[in-house]
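User: I'd like to learn how to read a few features off a model. Could you walk me through them one by one?

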Amino acid sequence: MAEFSKDTKIGELIDQFPESAPILMEIGMHCLGCPASLEEAAMVHGIDCGLLVEKINAAAKAMGK
């Protein structure tokens, strides 16, 4: 199972776990091909990166990814 971190690039995340797209979209991250890391994107969008990473990893775990 993949474990995503604040350093994971958004493009890598989408490649490895495409089911994460709705999670990103619902918080306003619509540029799914962005070369930024989750940490950089969270900062730009004014959201807590730690909570975002936790949510993504929980969803991946629930889906057996």
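Analyst: Sure, we'll go through rings, cysteines, helix packing and a few buried residues, keeping in mind that this is a predicted model.

User: Let's start with the rings. How many aromatic pairs does the structure hold?

Analyst: The general idea is that a pair of aromatic rings is described by the distance of the centres and the angle of the planes. This structure holds 1 aromatic pair. The partners are F4 and F17, with 6.1 Å centre to centre and 20 degrees between the planes. The pair counts as stacked because planes under 30 degrees apart get that label.

User: Where in the chain do F4 and F17 sit?

Analyst: F4 belongs to the segment before α1 (10–16), while F17 is in the loop between α1 and α2 (21–26). They're 13 residues apart, so the pair links distant parts of the chain.

User: And are those two buried or exposed?

Analyst: Both F4 and F17 are buried.

User: On to the cysteines. How many disulfides are there?

Analyst: The thing to check is the gap between sulfur atoms, and a disulfide needs them within 2.5 Å. Here the count is 0.

User: Why does C31 have no bond to C34?

Analyst: The C34 sulfur is the closest cysteine sulfur to that of C31, but at 4.9 Å it's too far for a bond. C31 is also exposed, at a relative accessible area of 52%. C49 is in no disulfide either: its nearest cysteine sulfur, again in C34, is 13 Å away. C49 counts as buried, at 14% relative accessibility.

User: Now helix packing. At what angle do α3 and α4 pack?

Analyst: In general, two packed helices are described by the angle between their axes and the distance between the axes. For α3 (residues 38–45) and α4 (residues 49–62), the angle is about 125 degrees and the axes are 9 Å apart. That makes the two helices oblique to each other. Their crossing is right-handed.

User: Which residues meet where α3 and α4 pack?

Analyst: From α3 you get L38, E39 and A42. On the α4 side they meet C49, L52, V53 and I56. That brings back C49, the buried cysteine from before.

User: I also spotted N57. Where is N57, and what is it in contact with?

Analyst: N57 lies in helix α4. With a relative accessible area of 13%, N57 is buried. Leaving aside neighbours within four places in sequence, N57 is in contact with A2, E3 and F4. F4 is the residue that forms the stacked pair with F17.

User: What about the loop between α2 and α3? Is S37 in that loop buried or exposed?

Analyst: S37 counts as buried, at 5% relative accessibility. Again not counting residues up to four places away in sequence, S37 touches K6, D7, T8 and K9. For a long-range reading, compare sequence with space: S37 and I10 are 27 residues apart in sequence and 5.8 Å apart C-alpha to C-alpha.

User: And which residues does M29 touch?

Analyst: M29 lies in the loop between α2 and α3 too, and is buried with a relative accessible area of 3%. With the same four-place exclusion, M29 touches I10, L24, A41, A42, H45, I47 and L52. Two of those, A42 and L52, also turned up where α3 and α4 meet. As for I10, M29 is 19 residues away in sequence and 9.6 Å away in space, C-alpha to C-alpha.

Methods
Residues numbered from 1 in each chain as written. Predicted model: local features only at pLDDT ≥ 70, side-chain atom pairs only at ≥ 80, totals over all residues. Heavy atoms only, no water. Phe/Tyr/Trp six-rings, centres within 6.5 Å; stacked < 30°, edge-to-face > 60°. Helix = DSSP H or I, 4+ residues; strand = E, 2+ residues; numbered from the N terminus. Buried < 20%, exposed > 50% of the residue type's maximum accessible area, 1.4 Å probe, protein only. Axes fitted to C-alpha atoms, helices over the stretch in contact; angles between N-to-C directions. Parallel < 35°, antiparallel > 145°, perpendicular 65-115°, else oblique. Left-handed = near helix turned anticlockwise from the far one by under 90°. Contact = heavy atoms within 4.5 Å.
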